[in-house]
Amino acid sequence: SPAPIVAAEGWHVLHLFYKVEQGAWSLLSPEEQFAARTRLSDLLAEIRGTEGAQVLTFAMVSPKADLGFMLLCADLHTANFFEKRLTNALGPDVLSPTYSFLSMTERSEYTTSEAEYAESLVKEENLPAGTPEHEAKLVAFRERMTKYMKDRLYPVLPPWPVMCFYPMNKRRGTTGQNWYALPFEERKKLMGGHAKVGRTWHGKILQLITGSTGLDDWEWGVTLLAHDPINIKGIVYEMRFDEVSAQFAEFGDFFIGLQLPLEEIFQRVQL
Ligand code: 76R
């Protein structure tokens, strides 16, 4: 088998949405249908038993799609192989892809660095370098950032029931608004405002931003998990007033899925 394609940093992520073709499914005998469901559930068990692989399963709420998977893999070969098998596990023509998105987990270039944090301790909190308070806060900062980087690059996503996915770009106008023409310091300041709004949703929204520049048709995939869809609606609405989104964000299609065990999804989508 080929050498693994493991990124220097981060995992490969595939969002996969399918329509269930009831016509093709109805042509299968009950025995064939049972065998098909078993193939898919065995495959999910295999993915979950694979080191460096993770899969989430969704019943999609509107007829944009019926069934959804979010597949995260360290090795791009593994992601590719599992994706083909997920698509075909129920038999020929049963699942037809309606939307897919390839991206990678990534760290942000705007995250506060240790040096910046140390400077803010001196300037904003009046804690000179070398003092015990300053040092203690730096140690706590390092711990926080280590956990935070791990969550961003190698997330273990919780079984929160409501999932929202949408792709987005930052505007690249040829005359006027162009995110990529702004100096770093300005982008960093704007993203600081974004993060401040984002943090007020802590505990209600779990967000995973995955980068897709050069990998798919949009620049990022936004995956939000929630317990209550009102918080999805709330954060996306509030973000629209935040300067970064108000000035620069462009969005693709939105998908809402319910994270459920496969057995429940089979019933839900009438497989
Ligand atoms: O360093 C960090 O990761 C924390 C600060 C942070 C960054 C850098 C952060 C926090 N985000 C960052 C980056 Mn975000 N985010 C979105 C959307 O609908 C919209 O208007 C936009 C879609 C939401 C809802 C959201 C939520 N974020 C990014 C980027 C990459 C930008 C780049 O590199 O140019 C995008 C595209 C993006 C989009 N963001 C948060 C949230 C939430 C809830 C937080 C707080 C997370 C927490 O601290 O718990």
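## Two helices that cross

Let's start where helix 4 and helix 5 meet: their crossing is right-handed. Keep in mind as you look around that this is a predicted model. Helix 4 covers residues 114-123 and helix 5 covers residues 132-153; their axes come within 10 Å and cross at roughly 145°.

Who touches whom here? On the helix 4 side you'll find E114, Y117, A118 and L121, and they meet H134, K137, L138, F141 and R142 of helix 5. Sort the residues of this contact by class and you get five nonpolar, one polar and three charged.

## The chain as a whole

Now zoom out. The protein chain has nine helices and nine strands. Its C-alpha atoms fill a box of roughly 75 × 40 × 40 Å, taken along the principal axes.

Of the 271 residues in the chain, 23% are buried. If you take the contacts with a separation of 6 or more, 77% of them are between residues 24 or more positions apart.

## Strand 7, covered on both sides

Strand 7 runs through residues 220-226, and seven of its seven residues are buried. One side carries W220, V222, L224 and A226, the other carries G221, T223 and L225, and both faces are covered.

Which strands pair with strand 7? Strand 5 is one of them: it runs antiparallel to strand 7, and seven bridges join the two. Here P167 has G221 as its bridge partner. Strand 6 also runs antiparallel to strand 7, again with seven bridges. In that pairing, G211 is matched with W220.

## Strand 9, covered on one side

Strand 9 takes in residues 255-259, and its two faces are not alike: F255, G257 and Q259 make up the covered face, while I256 and L258 make up the uncovered one.

This strand has pairings too. Strand 2 (residues 53-60) pairs with strand 9 in the antiparallel sense over three bridges, and A59 stands opposite L258 there. Strand 5 and strand 9 run antiparallel as well, joined by four bridges. M163 has its bridge partner, G257, in strand 9.

## Two residues to look at: Y166 and I209

Y166 is found in strand 5. Is Y166 buried or exposed? Neither, quite: Y166 has 19 other C-beta atoms within 10 Å, so it counts as partly exposed, since a buried residue needs 20 or more. Leaving aside neighbours within four places in sequence, Y166 is in contact with V222, F251, G252, D253, F254 and F255. Now try G91: Y166 and G91 are 75 residues apart in sequence, and their C-alpha atoms are 28 Å apart in space.

I209 is found in strand 6, which spans residues 205-211. I209 is partly exposed because it has 16 C-beta neighbours inside 10 Å. Beyond its neighbours within four places in sequence, I209 is in contact with W220 and V222. Along the chain, I209 and E106 are 103 residues apart, yet their C-alpha atoms are separated by 7.7 Å.

## Around the ligand

How many residues surround the ligand? There are 23, and the closest are S108, A195, G198, M239 and S245. By class, this shell has 13 nonpolar, seven polar and three charged residues.

Several elements each supply at least two residues of the shell: strand 5 (162-170), helix 6 (184-199), strand 6, strand 7 and helix 7 (229-241). Helix 6 gives the largest share, five residues.

## Two positive phi values

Most residues other than glycine have a negative phi. That gives you a reason to look at N126, whose phi is near 60°, a positive value, though N126 is not a glycine. N126 is found in the loop between helix 4 and helix 5, the two helices from the opening section. N126 is exposed because it has 10 other C-beta atoms within 10 Å, and 12 or fewer is the cut-off for that label.

Q270 isn't a glycine either, and has a positive phi of about 55°. You'll find Q270 in the segment after helix 9 (262-268). With 10 C-beta neighbours inside 10 Å, Q270 also counts as exposed.

How values were computed
Residues numbered from 1 in each chain as written. Predicted model: local features only at pLDDT ≥ 70, side-chain atom pairs only at ≥ 80, totals over all residues. Contact = placed C-beta atoms within 7 Å. Near = placed C-beta within 6 Å. Nonpolar A, V, L, I, M, F, W, Y, C, P; charged D, E, K, R; others polar. Axes fitted to C-alpha atoms, helices over the stretch in contact; angles between N-to-C directions. Left-handed = near helix turned anticlockwise from the far one by under 90°. Pairing = 2+ DSSP bridges.
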